[in-house]
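Let's walk through how the parts of this model sit against one another, starting inside one chain and ending at the contact between the chains. Keep the viewer open as you read.

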Amino acid sequence: MPQVDLSVNGRPVSVTASGETPLLDVLRNDLGLLGTRFGCGFEQCGCCLVLIDGAPEKSCTRPIESVAGKAVTTVEGLGTPARPHPLQQAFLDEQAGQCGYCLSGILITAKALLDRNPSPSRAEIAHALDGNICRCGAHNRILRAVAKAAARLRELGRR
Amino acid sequence: MTSAVLPPGLAENPNLGRWVSFPAPGKVTISTGKVEIGQGVLTAMMQLAAEELDVAVARIAIQSGDTDLTPNEGFTAGSQSIQFGGVALRSACAEVRALFLRHAATVLGCATSELAVQDGGVLRNGTPTGQDYWTLATAVDLAAARATGSASPKPVADHTVVGRSAARLDLPAKVFGEAVFIHDMMLDGMWHARVVRQPGRGAKLASIDEAAIRRAARGPIEFVRHGDFLAIVGQQEAAVDAAGTAAPDHVTWQGVEPISSVQQEAAWLLQRPAIDRRVGAPEPHASPRNRQRHEATYTRGHLGHASIAPSCGLALYRDGHLTVWTHSQGVYPLRAALAQSLALDPAVISVRHVQGPGCYGHNGADDAAGDAAIIAARLPGRAIRVRWRRAEEFGFEPVSPAMVVKVAAVLDDAGRPADWTAEIWSGTHSARPGSGNLLGAEALPNPPPAPPPADVPDANGGGATRNADPLYDIPAKRIIHHLVPETPVRTSALRGLGAMPNVFAIESFLDELAERARQDPVQFRLAQLADPRARRVVERVARMAAWQAGLPAGTGRGRGIGFARYKNRAAYAAVVADLEVAETIRLLRIWCAADAGLVVNPDGAANQLEGGIIQSASWVLKEQVRFADGGVSSLDWDGYPVLRFSEVPEIEIEFVAADTDVPLGVGEATAGPTAAAIGNAVSHALGTRIRELPMTRERIMATLLAG
Ligand code: FES
Ligand code: FES
């Protein structure tokens, strides 16, 4: 089986897997990074989103060989309880979530959005999140949390 | 001491040690049979315990849903977790506190009236005594102590923790992507498994092309077959998953009864054999001829739970003991079903709850656990993880049954209903495990017989008849219930059961009557609603939305109201919706006023009410399980669309304060009122009424063309 080298959350990793193995499978079963969730396996729900070279991509169908040499960021790479990303802090402040299964993918989408648009409107945030399903109905809290994180990031940027 | 009335959960599990323990200095463990399904119940339980025990929340650990550790409180369902489970825990904690204070009084040689507890320490007339729960714990045999009903919980006025918003305990781990879900459990030497599903009950495995399935797997796999139960197992998930996806094309079945798209519509129920019963007022004598009558029929298709992720279950059978991990809503009923299906003594089965994706009722969780247990029992010593495929969850989970609700009323001179008949056709809303009912077990040799057709008894809130009895002041009301025992697919409990279609029917019908009587819908309701708590939520939501009588109909923009008290005994909720209708419905804004009695965690309760509003809006606008080509055909998120972020309106929620220490369940309270408010707003916008759910683009177009 071929060896694939990539970087995950800033660390170089090298995995041995058949080339068409989904990135999601490698993250979860080989690298023990369980924060990226499985929801559908056919690119419809957004649970499995990760950043690949900064762009949000669904990992459930993405062949591992296609990310060779690229930089992957998962939800674990955003922040930690000790050093939360402003998005994570805002989600806690707004109590944005119910079962929370959708949140990893939503945080990744939001991160990519704020990287390219630091002051999105409610409609722009909602539009960006249309590829993510939340079945519990935590949408409005999530929209508020992303707006709050955007404001916080702008504040940090001004300092 | 004689026993006063104990709350039901505590009366059934009166041993106080089952609820509370003091495992180490400064630490408290509480147990609940209720489980976290994303509704924040464990946070609310912790608040109730902290309040009654007078200890800081940070000292408390909670164990939930484990047949080895926690009390048997049945299912986490029906918005009863706080209303019953929380009240039971609260009383248990009050009993424990009183018991410790009696011991402290003996040790300190004083009266209990001089004592108080502060963060677990015993104070005498306000001064620390050096005694606390943990110093006293050695002398108090909690394991032998039984609840007597002699200690009463604190009065509401003394609450410092309950009634204040508390941050969800489970949320941080989810925001940081920790391994909190059952899907994230990794057992040593774990094997992955996928099941090749029987296309229907009684189908026989005719042939398996093992070579083709192995080719699809591109990795090592094994087959496990027992009767007509077929599973694929292996240590590489990608290989097992590929095999599981390909397998249905390489397996043939006999004795499959195909279902058709005709059966997907609620109207199909009307032609079916049914078990009929009637409750309520006797049939009226022939009504005076000059009396006005009104009649209308409302329908709703089958709904899926459509959890964000497919179900998952783990099992290990070792040394004659079966351990099962599940996101089921009821670990004890599941244990009973497993014992029956596998012919094992319940004593050798442990069932543990692990969090899963939000389920909103009886989805595939129990069945996935059953699958894992069946496989594990045949492969002793191997830890087995079954994760359903997305299409499997959509295609094989039990769905909420389609319903037809026909309302007929004789009107009084003011145009209000004087005599009311609701006639309901539906499959069952209750096929939870407990007496069999595990999908995988149906494929085993000698499968358990199909459970006898039954719906949730009225005493438990009813299934198809849930909320069929309007809360309005109607002199004579009756319900005719046609339980259709044979449905094209398995049907069972989904958030609110029959409440959503029934409230949609009742509240649509009331708007139709108001229109006939040329009255404002809000005033028309208030004129026949004596219950003061009901009146308050209707009045409040009208104020929140700045309700105006007489807004013109048929402009493309509409506003509607819906009200119900869930099960006529849980929380009250009134909802107003603003929307626009062109080819589709665009929700603009939603307001909700609710009376949930004593609200333990206001932010948590608001989250539940809002989640219910959004889910109901999604049901009304989009959702229906579709049948074609012999089976369920809505097998992905394109075939079963749900509301997306940009379709969700802003929502405002207010609680109407209630002077009570009785909490009322909120999880399902908004489903019916939201459906009704949207339905009434659509009719206001169009100037013509749609009585069929969901209100899809096709239905709206058909209505516009007909009008
Ligand atoms: S799991 Fe990848 S989009 Fe659903
Ligand atoms: S919080 Fe459950 S799916 Fe979003």
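Pick out domain 1 and domain 3 of chain B in this predicted model: their C-alpha centres are 39 Å apart. For orientation, the domain assignment puts domain 1 of chain B at 8-152, domain 2 at 183-255 + 305-396, and domain 3 at 403-429 + 464-706. Domain 1 of chain B uses 13 residues to contact 16 residues of domain 3 of chain B. Between them these two domains bury about 1000 Å², with 48% of that on carbon and sulfur atoms. The rule finds zero salt bridges across this interface, and it finds two residue pairs in polar contact, both at pLDDT 80 or more. On the domain 1 side of chain B, helix H2 (41-53) and helix H3 (81-108) each put in at least two residues. That side is made up of four nonpolar, eight polar and one charged residues.

Chain B also has a little open sheet to look at. Its three strands run in the order E1-E2-E3, with mixed pairing. Strand E1 (20-21) and strand E3 (60-64) of chain B are the edges, each pairing on one side only. E1(B) pairs with strand E2 (residues 28-32) of chain B in the antiparallel sense, over two bridges. To find the spot on screen, look for B:Val20, whose bridge partner in E2(B) is B:Ile30.

Now over to chain A, which the assignment splits into domain 1 (3-77) and domain 2 (86-156). Here the C-alpha centres lie 21 Å apart. There are zero salt bridges between domain 1 and domain 2 of chain A, while the count of residue pairs in polar contact is four, both residues at pLDDT 80 or more. Strand E3 (49-52) and strand E4 (55-58) of chain A each give at least two residues to the domain 1 side, and E3(A) has the largest share, three residues. By class, that side of domain 1 of chain A comes out as eight nonpolar, six polar and two charged residues.

Finally, how do the chains themselves meet? The table puts the buried areas side by side.

| Interface | Buried area | Share on carbon and sulfur atoms |
|---|---|---|
| Domain 1 of chain B and domain 3 of chain B | about 1000 Å² | 48% |
| Domain 1 of chain A and domain 2 of chain A | about 1100 Å² | 61% |
| Chain B and chain A | about 4600 Å² | 56% |

At the chain interface, 61 residues of chain B are in contact with 52 residues of chain A. In chain B, the residues that lose the most area to chain A are B:Phe176, B:Ile308 and B:Phe645, which together make up 21% of what that side buries.

How many salt bridges does the rule find across the interface of chain B and chain A? Six. One to click on joins the side chains of B:Arg218 and A:Glu20, at 2.9 Å, N to O. The rule also finds 32 residue pairs in polar contact across this interface, both at pLDDT 80 or more. Several elements of chain B give two or more residues to the side that touches chain A, among them helix H5 (171-175), helix H7 (237-246) and strand E26 (650-655). The largest share, 10 residues, comes from H14(B). Sorted by class, the chain B side has 29 nonpolar, 15 polar and 17 charged residues.

Terms used
Residues numbered from 1 in each chain as written. Chains lettered and ligands numbered in written order. Predicted model: local features only at pLDDT ≥ 70, side-chain atom pairs only at ≥ 80, totals over all residues. Heavy atoms only, no water. Domains from an automatic or database assignment. Contact = heavy atoms within 4.5 Å. Buried area = accessible area lost by both parts, 1.4 Å probe. Salt bridge = Lys/Arg side-chain N within 4 Å of Asp/Glu carboxyl O. Polar contact = N/O pair within 3.5 Å; in protein donor to acceptor, adjacent residues only side chain to side chain. Helix = DSSP H or I, 4+ residues; strand = E, 2+ residues; numbered from the N terminus. Nonpolar A, V, L, I, M, F, W, Y, C, P; charged D, E, K, R; others polar. Pairing = 2+ DSSP bridges.
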